[in-house]
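Welcome, and thanks for taking a look at this chain with us. Please keep the viewer open as you read.

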Amino acid sequence: MKTQRAPINNNPKSMRVFFILGRNPKLSREEILAYMRARNREHKEILFEENLFILETNEGEKFDIQEFGGVLKLGQILCEGEEKELREFMKNNELVPADKFTYGIFGNLDSEILKEKFRKEKKKAILKHGRQRMMMQEGKKLELPNADFYLFFHAVKDKIYFGLATQDYDYHKIKERDMNKPVRREQLAISPRLSKILINLSEAKPRDLLLDPFCGIGGILQEALIKGINVYGIDKDKQATIDAEKNLDWIKEKYAIKNNFKIENLDSRKAPDLQFVAIATETPLGRILRKKPNNNEAKQIIQNFEAYIIPILSKLKNVKKSKAKIAITFPVVNNLHVDTPKIAQKTGLEVVMKPILESREDQFISRDIIVFQ
Ligand SMILES: C[S@@+](CC[C@H](N)C(=O)[O-])C[C@H]1O[C@@H](n2cnc3c(N)ncnc32)[C@H](O)[C@@H]1O
């Protein structure tokens with residue numbers, strides 16, 4: 001017996017895809033929406049609750065989870081309706097194509113109905129609970145079961161959504177390329193996860209020219225190259241630019257990448273006018289702090305940052321296409337944020353995504369992620 005999808009909303013031309021979001025769901029949701037917008041792919045948001053997200057798109061649309069930084073699992077919604085429809089669907093469909101397996105559930109529904117079905121089918125199915133726990137941004141812990149299959153099983157009022165995950169985020173591959181690149185610099189490096197998120201928020205697509213005006217050793221540029229984007233990096237630190245070139249040469253060879261990169265040792269206030277299609281960057285968040293700053297120090301860090309970033313953003317505004325997005329990080333110290341409306345006003349940029357906090361408990365400086373246009 002094969003799993004047939006039940007018609008959703010009587011519209012056979014649409015399908016619904018669920019995404020299990022990572023540690024910062026608000027940011028991941030924006031990432032997915034920006035990705036769809038950039039590609040002019042029709043989409044409608046159906047559900048966003050905690051780390052569960054459902055999007056309606058056209059039937060047959062393809063997704064590759066590795067394109068995203070903030071998505072843990074994804075799959076199609078196979079059945080949607082009231083309990084009796086779900087029971088009907090279960091009667092006629094196999095759900096999990098195996099006789100002996102472990103499974104995990106994402107969503108708020110009880111597993112009894114599934115257990116009963118697997119028992120009837122004489123399948124040896126073991127429900128796994130999360131042993132690995134992932135810390136969510138808001139301090140909540142997310143259960144991450146380790147299983148053969150992952151089911152989406154969630155109800156909102158009387159409506160039940162059921163789906164089977166078909167793709168997993170490939171941590172190992174991403175970690176492997178991060179750890180094995182020729183030059184690593186802990187203090188300057190941004191995670192591949194956040195790099196991908198910033199690239200998607202900048203709405204860069206394959207073959208576009210993306211600028212990183214504080215490219216460091218090329219963390220963002222490397223992920224953009226893998227996504228088929230042409231990249232241009234600038235850093236005022238000569239050694240960083242040498243290292244970025246080494247890293248990008250390595251990644252091009254490793255992934256047989258055909259698109260191009262260029263790195264320049266410049267101050268970003270002198271960024272060349274190449275009318276970039278997208279800008280994604282992590283700004284220097286100030287000197288590394290060994291201890292928690294007091295409030296006066298925090299205020300000083302934020303003020304210095306504002307004075308420093310305004311001329312740079314004013315310059316970036318002139319070297320990009322008018323509709324091009326700038327996805328950027330600003331420091332947050334002791335709950336003090338950069339005054340984003342003031343920055344927009346002084347630079348003539350428009351805020352198209354208001355600041356979303358990206359924090360880690362073990363760091364004194366957190367970040368706001370903002371998108372300007
Ligand atoms: C946080 S790091 C960037 C990290 C980078 N995303 C990565 O993963 O390697 C910031 C970089 O900005 C550079 N930088 C600071 N001010 C600059 C300026 N005015 N123009 C160009 N580069 C600058 C620093 O040299 C540093 O390498």
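## A walk through the predicted model

In helix α8, the buried residues are Ala-298, Ile-301, Ile-302, Ile-309, Leu-313 and Leu-316. The coordinates come from a predicted model, so please read what follows with that in mind.

What do these buried residues of α8 pack against? Their packing partners are three strands, β14 (276-282), β15 (320-333) and β16 (336-337), together with helix α9 (340-347). Helix α8 itself covers residues 295-319, 25 residues in total, and its first and last C-alpha atoms lie 36 Å apart, close to the 36 Å expected at 1.5 Å a residue. Even so, α8 has a kink of about 30 degrees at Ile-309, shortly before the proline Pro-311. Ile-309 is also one of the buried residues of the helix.

### The chain as a whole

Stepping back, the protein chain holds 9 helices and 18 strands. Its radius of gyration is 23 Å, close to the 21 Å that the globule rule gives for 373 residues, so the chain is as compact as a globular protein of that length. The C-alpha trace spans about 70 × 45 × 40 Å along its principal axes. Of the 373 residues, 38% are buried. If you take the contacts between residues at least 6 apart in sequence, 74% of them join residues at least 24 apart.

### The open sheet

Now for the sheet. An open sheet is formed by 8 strands, in the order β2-β3-β1-β4-β10-β9-β5-β6, with mixed pairing. Strands β2 (44-49) and β6 (124-127) stand at its edges with a single partner strand each, so one side of each is left without a neighbour in the sheet. On average, and ignoring direction, neighbouring strands here are turned by 30 degrees against each other.

Where is the mixed pairing to be seen? Strand β4 (residues 71-81) runs antiparallel to β10 (residues 159-168), and the two pair over 8 bridges; within this pair, Ile-77 has Gly-163 of β10 as its bridge partner. Strands β9 and β10 are also antiparallel, with 6 bridges, and His-154 stands opposite Tyr-161 in β10. In contrast, β5 (residues 100-106) and β9 (residues 149-156) pair in the parallel sense over 4 bridges, and there the bridge partner of Gly-104 is Tyr-150 in β9.

The link between β9 and β10 deserves a look of its own. These two strands make a hairpin with 2 residues between them, and Lys-157 in the turn has a positive phi of about 55 degrees. As a reminder while you turn the sheet in the viewer, side chains in a regular strand alternate between the two faces of the sheet.

Two helices lie across parts of this sheet. Helix α1 (residues 25-38) lies across β1 (14-21), β2, β3 (52-58) and β4, and runs at about 145 degrees to β1. Helix α2 (residues 83-92) lies across β4 and β10, at about 100 degrees to β4.

### Some loop residues

Which residues in the loops are worth a click? Here are four, with the count of other C-beta atoms around each.

| Residue | Exposure | Other C-beta atoms within 10 Å |
|---|---|---|
| Lys-270 | exposed | 12 atoms |
| Lys-123 | partly exposed | 15 atoms |
| Arg-207 | exposed | 10 atoms |
| Asn-334 | partly exposed | 16 atoms |

Lys-270 sits in the loop between β13 (261-265) and β14. The C-alpha atoms of Lys-270 and Ile-234 are separated by 9.4 Å, with their positions 36 residues apart along the chain. Lys-123, by comparison, is in the loop between α3 (112-120) and β6. Lys-123 and Asp-235 are 112 residues apart in sequence and 58 Å apart in space, C-alpha to C-alpha. Leaving aside neighbours within four places in sequence, Lys-123 is in contact with Asp-99 and Phe-118.

The other two table entries bring us back to backbone angles. Arg-207, in the loop between α5 (192-201) and β11 (209-212), has a phi near 75 degrees, a positive value in a residue other than glycine. Asn-334 belongs to the loop between β15 and β16, and its phi is near 45 degrees, again positive in a residue other than glycine.

Technical notes. Residues numbered from 1 in each chain as written. Predicted model: local features only at pLDDT ≥ 70, side-chain atom pairs only at ≥ 80, totals over all residues. Pairing = 2+ DSSP bridges. Axes fitted to C-alpha atoms, helices over the stretch in contact; angles between N-to-C directions. Contact = placed C-beta atoms within 7 Å. Rg over C-alpha atoms; globule rule 2.2 N^0.38 Å. Buried ≥ 20, exposed ≤ 12 C-beta atoms within 10 Å, placed from the backbone. Expected span 1.5 Å × (residues − 1). Bend = angle between axes of the 7 residues up to and from the residue.
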